[in-house]
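Student: Please take me through a close look at one part of this molecule: its surface, and what sits at it or under it. I'm new to this, so go residue by residue where you can.

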Amino acid sequence: MGTLVPPKEKVLIYGDGNAKVSIVDEDDIAAYTIKTIDDLRTLNKTLYLRPPENELSQKQLVVKLILR
């Protein structure tokens with residue numbers, strides 16, 4: 001995508017814009033990582049952070065940013 005700040009005047013939709021991705025903030029990843037250190041349930045396990053409410057397509061993300 002090339003930039004850290006979304007463009008305000010023009011948006012380029014890749015493909016059909018319907019492919020979903022999981023968007024998770026780095027601070028949230030750090031917080032969950034720290035919480036798993038002392039949790040025996042996570043010992044020798046892989047932890048996936050994919051909250052369903054954070055799965056968006058590019059089109060959905062653009063609409064949310066426009067309505068904001």
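Tutor: Let's start with the framework: the secondary structure of this protein chain comes to two helices and two strands. Walk along the sequence and you'll meet them in the pattern β-α-β-α. Keep in mind that you're looking at a predicted model.

Now for the surface itself. The protein chain exposes about 6,500 Å², and 58% of that comes from carbon and sulfur atoms. Of its 68 residues, 7% count as buried.

Here's a piece of that surface to zoom in on. Val-21, Ile-23, Leu-61 and Leu-65 form a nonpolar patch, and together they have about 290 Å² of accessible area. Take Ile-23 from that group: you'll find it in the loop between strand S1 (20–22) and helix H1 (26–36). Its relative accessible area is 37%. Since buried means under 20% and exposed means over 50%, Ile-23 counts as partly exposed.

What about something buried, for contrast? Look at Ser-57, which is found in strand S2. Ser-57 has a relative accessible area of 5%, so it counts as buried. Leaving out residues up to four places away in sequence, Ser-57 touches Gly-17, Asn-18, Ala-19 and Lys-20. While we're on contacts, here's the view for the whole chain: among contacts between residues at least 6 apart in sequence, 85% join residues at least 24 apart.

Next, slide over to helix H1, where Asp-28 lies. Asp-28 is partly exposed, at 38% relative accessible area. It makes a nice example of how sequence and space can be compared: Asp-28 and Leu-49 are 21 residues apart in sequence, and their C-alpha atoms are 9.1 Å apart in space.

Let's turn to charges. How many salt bridges does the structure hold? It holds one, and the partners are Arg-41 and Asp-39. Their closest N and O atoms are 2.8 Å apart. A salt bridge needs a side-chain nitrogen of Lys or Arg within 4 Å of a carboxyl oxygen of Asp or Glu, so a 2.8 Å gap qualifies. The two partners don't fall in one accessibility class, though: Arg-41 counts as exposed at 68% relative accessibility, while Asp-39 counts as partly exposed at 22%.

There's another charged side chain worth a look. The charged end of Lys-35 sits over the ring of Tyr-32, 5.8 Å from the ring's centre. As for rings pairing with each other, the count of aromatic pairs comes to zero.

Last stop: Asn-44, in the loop between H1 and strand S2 (55–57). What stands out about its backbone? Asn-44 has a positive phi of about 55°, although it isn't a glycine. Is it buried or exposed? With a relative accessible area of 77%, Asn-44 is exposed.

Here's a quick way to fix the picture in your mind. Set three residues side by side: Ser-57 is buried at 5%, Ile-23 is partly exposed at 37%, and Asn-44 is exposed at 77%. Find each of them in the structure, and then trace the patch of Val-21, Ile-23, Leu-61 and Leu-65.

How values were computed. Residues are numbered from 1 along each chain as its sequence is written. This is a predicted model: local features need pLDDT of at least 70, side-chain atom pairs count only at pLDDT 80 or more; totals for chains, interfaces and linings use all residues. Side-chain values use heavy atoms; hydrogens and water are left out. Patches are made of residues with over 30% relative accessible area and no salt bridge: like charges are joined within 9 Å, nonpolar side chains (Val, Leu, Ile, Met, Phe, Trp, Tyr) within 5 Å. Accessible areas come from the Shrake-Rupley method with a 1.4 Å probe; for residues, only the protein chains shown count as cover. Helices (H or I, at least four residues) and strands (E, at least two) are DSSP runs, numbered from the N terminus. Buried means under 20% relative accessible area, exposed over 50%, partly exposed in between (1.4 Å probe, protein chains only). Rings of Phe, Tyr and Trp (its six-membered ring) pair if their centres lie within 6.5 Å; planes under 30 degrees apart count as stacked, over 60 as edge-to-face and the rest as tilted. A charge sits over a ring if NZ of Lys or CZ of Arg is within 6 Å of the ring centre and within 35 degrees of the ring normal. Contact means heavy atoms within 4.5 Å.
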